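This report covers pockets, a sheet with its helices, and a few single residues. Keep the structure open while reading.

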Amino acid sequence: MNNTLARVARWAATAPAVALIGAGSAHAGETLDKIKERGVIKIGVGTSPGFFAPNKDGRWEGFFVDFGRALAITVFNDQDKVEFTSSSPQQRLPALQSGEFDILLSGVTETITRSFKLGFNFGPIIFYDGQGILVRKSLGVTKGSDLDGATIGVQSGTTGELNIADFFRKSGKTFTPVTIEDSNEFLKALESGRVDALTQDSSDLALRRTLLAKPDDYVLLPERLSKEPLAPAIRAGDDRWLQIVNWTVYVTIQAEEFGITKENIDSFLTSEDPAVKRFLGVDTSLGEAIGLDPKFAYNIVKTLGNYGEIFDRNLGAGSSIGFERGYNQIWEKGGLLYSPPFR
């Protein structure tokens with residue numbers, strides 16, 4: 001392994017097409033060049049407490065926000081060199097394509113059309129979700145097909161429009177869609193009786209339910225109408241930037257696999273496990289070979305914690321939301337999260 005890394009390091013040092021990020025500076029594709037020049041990463045987000053929202057002091061917080069801060073640590077070793085901007089589902093992808101954002105961390109579902117036709121690249125899936133239906137309990141329904149003939153609100157510019165149409169087409173039932181563009185009007189439509197139900201990502205609906213005047217009057221149906229793998233999105237054409245995004249996410253997952261947390265990370269610095277030594281930068285050969293600060297993984301976890309800590313703090317047991325992790329567990333615990341090796 002050491003000889004292999006040494007050869008890679010020598011090749012990286014001489015290959016003219018490869019641009020590297022050192023501990024003190026970053027240089028790579030067009031996106032990263034612009035980021036370094038301006039000194040901050042521009043990140044598009046949404047507005048859902050737990051995922052992304054400014055606190056009372058105006059500082060952005062949330063699950064997706066923490067991954068944006070982790071990216072800033074990889075590039076600048078400073079979690080605050082980020083600029084978060086809320087963008088609607090209708091505007092977020094055009095804004096990314098036009099260069100308004102360097103990355104979208106707004107709960108974007110990865111689809112084949114967005115990858116091929118619209119020209120976006122996606123990082124690792126960081127939240128496994130599925131489309132659900134929120135209904136008034138007084139309707140007495142227990143599953144989506146019970147809503148035959150119902151009026152259902154769906155947010156425009158999302159994959160939910162096609163998913164709900166496909167669901168009713170397959171079940172042989174009918175419904176009347178009400179397309180709602182303004183997210184602030186979404187809950188109002190349900191409370192006022194304008195619609196019988198709302199459909200959107202189940203996590204989003206669970207959050208929105210807590211904002212209703214009488215949340216106990218509504219229920220999120222147990223079935224899921226679709227797969228909604230939420231991943232960071234960037235413009236296609238900058239492979240170096242994509243790899244930086246990929247391995248920043250993998251850091252948080254690998255740390256949890258190792259059992260490394262924000263609190264105990266320093267105790268792992270004396271580990272004799274070669275994989276841990278490479279991961280934390282005690283063995284600097286890996287970081288030097290790939291052109292990253294050898295301690296970038298250490299810096300991320302020491303500042304923000306591993307994936308489980310990020311999840312629990314913003315969405316899970318350590319938050320007011322209390323989501324179960326479900327599929328968003330590491331693979332060793334029956335989930336879908338899995339990091340490639342740091343070698």
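Two residues are in contact when heavy atoms of theirs lie within 4.5 Å. The model shown here is predicted.

**Val40 and its surroundings**

Start with Val40, in the loop that joins α2 (30-38) to β1 (41-45). Neighbours within four places in sequence are set aside here. Val40 then contacts Ile35, Phe76, Lys81, Val82, Glu83 and Asp102. Gln79 is 39 residues from Val40 in sequence. In space, the two C-alpha atoms are 9.9 Å apart.

**Asn77 and Ser86**

Asn77 sits in the loop between α3 (63-76) and β4. Its phi is near 55°, a positive value, and Asn77 is not a glycine. Most residues other than glycine have a negative phi. Is Asn77 buried, partly exposed or exposed? With a relative accessibility of 44%, Asn77 counts as partly exposed, because that class runs between 20% and 50%.

Ser86 belongs to strand β4 (residues 82-86). Ser86 is partly exposed too, at a relative accessible area of 39%. Residues up to four places away in sequence are not counted among its contacts. Those contacts are Val45, Gly46, Thr47 and Trp60. Asp201 is 115 residues from Ser86 in sequence, and their C-alpha atoms are 18 Å apart.

**The five-stranded sheet**

Now turn to an open sheet of five strands. Their order is β10-β9-β11-β8-β12, and the pairing is mixed. Why do β10 (175-180) and β12 (218-220) each have one side without a neighbour in the sheet? Both stand at the edges with a single partner strand, so one side of each is left free of a neighbour in the sheet. On average, neighbouring strands of this sheet are turned by 25° against each other, direction ignored.

Strands of a sheet pair through backbone hydrogen bonds, either parallel or antiparallel. Strand β9 (residues 150-155) and β10 run parallel, joined by six bridges. Within this pair, Gly153 stands opposite Val178 of β10. Val154 has Thr179 of β10 as its bridge partner. Five of the six residues of β9 are buried, so the strand is largely enclosed by the rest of the structure.

**Helices across the sheet**

Which strands does helix α7 (residues 184-191) lie across? They are β8 (131-136), β9, β10, β11 and β12. The angle between α7 and β11 is about 150°.

Helix α8 lies across β8, β9, β11 and β12. Its angle to β11 is about 125°. α8 is mostly covered, with six of its eight residues buried. The buried residues are Ser202, Ser203, Asp204, Leu205, Leu207 and Arg208. Their cover includes the strands β7, β8, β9, β11 and β12, as well as helix α7.

**The two pockets**

The table sets the two pockets side by side.

| Pocket | Volume | Lining residues | Nonpolar | Polar | Charged |
|---|---|---|---|---|---|
| Largest | about 560 Å³ | 26 residues | eleven residues | nine residues | six residues |
| Second largest | about 440 Å³ | 30 residues | five residues | 16 residues | nine residues |

In the largest pocket, the lining residues nearest the centre are Tyr128, Asp129, Gly130, Ser202 and Arg224. Three elements each supply at least two residues of this lining: β7 (127-129), α8 (202-209) and β13 (228-230). Ser202, one of the residues nearest the centre, is also one of the buried residues of α8.

Which residues of the second lining lie nearest the centre of its pocket? They are Ser48, Pro89, Arg92, Ser106 and Asp204. The elements that give two or more residues to this lining are β11 (197-201), α8 and β13. α8 makes the largest share, three residues. Asp204, listed among those nearest the centre, is a buried residue of α8.

**Where the parts meet**

Helix α8 links the topics above. α8 lies across four strands named in the sheet order, β8, β9, β11 and β12. α8 also supplies at least two residues to the lining of the largest pocket. The lining of the second largest pocket takes three residues from α8. Strand β13 serves both pockets as well, with at least two residues in the largest and two or more in the second largest.

Definitions and conventions: Residues numbered from 1 in each chain as written. Predicted model: local features only at pLDDT ≥ 70, side-chain atom pairs only at ≥ 80, totals over all residues. Heavy atoms only, no water. 1 Å grid on protein atoms, 1.4 Å probe; cavity = no way out; pocket = protein on both sides within 12 Å on 5 of 7 lines; lining within 4 Å. Points joined across faces, edges and corners; volume = space filled by probe spheres on them. Nonpolar A, V, L, I, M, F, W, Y, C, P; charged D, E, K, R; others polar. Pairing = 2+ DSSP bridges. Axes fitted to C-alpha atoms, helices over the stretch in contact; angles between N-to-C directions. Buried < 20%, exposed > 50% of the residue type's maximum accessible area, 1.4 Å probe, protein only.
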